[in-house]
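Biologist: Could you take me through one part of this model up close? I'd like the open sheet in chain B, strand by strand.

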Amino acid sequence: MENENTAPLKLTWFDRIFKPQVITLPNGHSTVRRRSRAPLILLLLLIAVWLSLQMTGFDLSLIVRKFNKLLDLFVKLFHPKWEFFGKVVGPLVDTIKMSVLGTVIGCLVALPVAVLSSTNICRSRIIVGVFRFILALIRTLPTLVIALVCALVFGLGTFAGTLAIAIFTFGIVAKMLYESIETIDMGPFEAMEALGANKFQAFWSACVPQILPVYLSHSLYCFEMNVRASAILGYVGAGGLGITINERIGWRDYNGLGMVLLSLFVVVVAIEFFSEYLRKKLS
Amino acid sequence: MIEFKNVYKTYPNGFTALKDVNLQIEQGEFVAIIGLSGAGKSTILRCINRMHDVTKGSLTVDGVDVNTLRGAELRRYRRKVGMIFQSFNLVSRSTAIKNVLTADVPDMNFFRVLFGVFSKEQKLRALESLDKVGILDKAYTRCDQLSGGQQQRVALARTLNQNPKIILADEPVASLDPITARQVMQDFVRINRDYNISILLNIHHIDLALQYCDRVIGVRAGEIVFDGPASTITQEQIDYVYNGTKAPTLGDGE
Amino acid sequence: MAEKLEKLEQSLDRKLTVAEMYANRPRKWLLYTLIVLILVVLVTWSGSSIHFEGLTVTGREVARGVISGVTHPDLKLMFGTGETDVPYLLLQTMAIAVLGTLFGAILAIPFAFLASTNIMPKPVAYLFRVVILMIRTIPSLVWALMWIRVTGPGAACGVITQSVCSIGMISKMYITAIEDLDTHILESLDAMGCTAFQKIRYGVIPQLTASFISATIYRFDINLKDATTLGIVGAGGIGASLVQCLNSRRWAMVGSFVWGLMVLVLIIEFISTRVRRKLAHGE
C-alpha cells in the first residue's frame, strides 16, 4: 500500500482546548481523532433552551388549559361565513394591487443596483461594498416596521403599503440577483469586448440574456411572498386585507375570519401555481 | 463452497436472466464474471446472498440451501457474505469509521443500536479494517470528502469488518479512474490471499479481469459460455462471450 | 424547438434551406413581449386605485425624526441592562425564535413523513400537503393575533405562534430531503443482514439529520426576523417597544432599537450561512 502523506490537521480553537486523541493499533499504525463537537453543541443548545424558557415564560400547560378556546376558534375558522365574501373582495383586490405595483417597482429598482453590487461586473470594490451594505440593512428591517413608517409619513392607505412592499422587494430581489449574476459565464462578455464593443454593449448582448430569465424568476418568487406579506400590512394602517383581518379578530368573528383566510388561501395558491408554471417556462 | 445446480431465474416481468446455470466455486477462489450488460452477471451475484430468489434449481453455500433461508436465518447467513457495489453505497455524510461500524450493527442489542453505542473493541476492529485497506488516516473524515477510490476502500473495509467468508463485488471499479481501479483490484487480490476469502466480482474491463483474477466465468444471455483459469481463455472465446462485439478494456475510458 | 425542426426535416425528408431555417427561428421575443404586455396591463390596473396624496402634515417631521433618531440613538437604552433596554429585548426576541424554531422543527417531522410521496400512499401525502400549504399561507401575524385570543398576550404567545408557523416551511424542506434519500445504502445494509429497524437507524437517519438541522437553522434565521414583528401585536419581543416609540415620536429610542435589530439580524444571518455551508460540504 502506498503511504500517502496527509496534510497536517488544521487545528481550530476547539482542537486547542480539547486536544485530538491519537489512537494506535496493535500493529503500530496510528490515526488522529478530533474530539467530537457534539457534546459541546448539545450543552450550549440546552442552556439556550433553558434560558429561553425562563425569558419567555412559556408553559405547555397553557395550551392544555385553554384547549377549549382553541377548539372553538378552529371549529369556527373551518365554518366560514360565506355571505361575508362580498366584504372581502374589495380589500383582497386592494392587497393584490398593492403587491403587483410594489413588486414591479421594487424589481425595477433592484436591477441596476444588483448589477452595481456584483463583483464580476462592477470592478470598484467601494461601490460594491456600499450597495451591499445598504441592501443588508434594508433586509434586516421588518416589513411591518417599514410599512408603519411609510404610513406615518404618507398617511394611511394603499400608497404606504405599496411603498413598503417595494422597499422590501428591492432588498430581497437585489440580493438574490447579484448572487446569480456572480455565477454567470463571463466568457461572452470578454469576447464582446475583444470584438471592440464598449462595456455597455458587451453587457447588453452578453450578460443580459443570461440574467433576464433568472431576474424574472426571482421577481415572480418575490411576488408570491408579497401577496402573503401584504395581507398583514393593513394592521398598521397600510391598506388591504389586514384591516379586515384585524377587525374580524377584534370582534371575535372567527367565521368571518375563516372566510377572509379562505379567500386569501385560494388567491395565494392560484398565484403560486401560475408563477410556478411561468418559472418552469422561463428556465 | 458455492454450488449452483441447474439454476434458473425469471424476473416477475417475464425476463429470464439465468438459464440452467451450473457452477462450483471453492473457498478462497478469486473469480471474475464477465459478459455484456444485461447478460446476467449481477443476477448471479444477487442470487448468492438472496437479494434475488432463484426460480428453479438449487443454490447451496457450504451445504446450506440458500433458498430455504427465512428471516433471522437469512440475515445471519448474509453476515457471512459481504457485498460491494459500484456506487459504494456509503452514508456520505458520516465519517469513514461510522460507515465501517455499521457492519457490527446486526449483532448488537436493541438499545445499543438505537443510541449508536459501540464498544472500544468494536471501534479498534473497525480501525484495523480500515488499516487493512490502507486508509487508516481517513478514519475520522466524512465520506463526501474522500475520492472515489478511497470511498470504495471504505466500502471494502466495511465488508471486511463483518468477517465474511465470501465477498461479492458488483462492478466495484466501474466508476473509478484507471489508476484507482488497479489499486482497488490489488486490494482485492491481497484480501483474497491474506484472509482466504472467496471473491466473486462482476467486471466490465476484460484486461483487469485477466490480470488479477484466477478464474474467469463468461456469461452470455443468461448462460455460462466459458468457465476456466484466466490464463487459458483465448481471444475467440472472449469474442464469443461478448457476442462478437469488441470486449471493453480500461483503455476505452468509460 | 430543436425537436420541432428535426420533425420538420423528417417530414420533408431533406435538410432545411437557410431561408426555411430563418422562417422557423425560435421566437423567444414573443414570450418576452407577452410578459411585458401583461406587466403593463397589471401595473395600470393596480396603479389606478393607489393614489399618492403627498406627505401628511406631520410626514416631514416623521421623516426628519427617523433620520435624526438613527444618527443619534439613545445610548443609555442601547447598552442598558434593564428589562426595557435593547439588550434584554433582543435576547427575549431571540428566546422566542429559539423555542419557536425548536418546537416547529420537532412538530414538522411527523408532517413531513406523512406528506412524502415515497413513504406514504399518494392520497394521504397530498392531504397533508394541503394542510402544510394552509399553515404556510396564513401570515404569521394573523397566527399571532389568533393565538393571543387563546393564550393572552406575552412572549409565550410568540413562541406558540412561531412553532405553528414554522411547521409549514420546515416540513416542506424536510419533504425534499426525504424524497431525495439515497436508497442504495439501504440495499447494502440489507445485504449485510440488517433488520428494517437497523436499516432506518443507520441508513435513513444519518442521511436526514444534516438536512434537517440545516433546514431548522435556515428557519431560525427567518423566525428571528419574524419575532421582531410579533411584538407589534403584543406577542413579546422587541417589536412592541419599537412601535410604541414610533407612535409616541421618541426618535432617539427608535434609533437605538433599529440599530440593535440590524446588528442582531446581520450577525445571525452570517453565522447561519456559515454553519449551513459546513453542514452541506463538511469541514
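Modeller: Sure, terms first: two strands pair if DSSP finds at least two bridges between them, and strands (E, at least two residues) and helices (H or I, at least four) are DSSP runs numbered from the N terminus. This is a predicted model, where local features need pLDDT of at least 70, side-chain atom pairs count only at pLDDT 80 or more, and totals for chains, interfaces and linings use all residues. Residues are numbered from 1 along each chain as its sequence is written, while chains are lettered from A and ligands numbered from 1 in the order in which they are written.

Now the sheet. Six strands of chain B line up as β6-β7-β8-β3-β9-β10, open and with mixed pairing. At the edges sit β6 (81–84) and β10 (223–229) of chain B, each pairing on one side only. From one strand to the next, the twist averages 15 degrees.

Zoom in on β7 (residues 166–170) and β8 (residues 198–202) of chain B: they run parallel, with five bridges. Leu168(B) has Leu200(B) in β8(B) as its bridge partner. Across β6 and β7 of chain B lies helix α6 (residues 148–161), at about 170 degrees to β6(B). That angle is taken between N-to-C directions on a 0 to 180 degrees scale, with axes as lines fitted to C-alpha atoms, for helices over the stretch in contact; contact needs C-beta atoms, placed from the backbone, within 7 Å.

Zooming back out, chain B has nine helices and 10 strands, and its C-alpha trace spans about 55 × 45 × 35 Å along the principal axes.

Conventions: Two residues are in contact if their C-beta atoms, placed from the backbone, lie within 7 Å.
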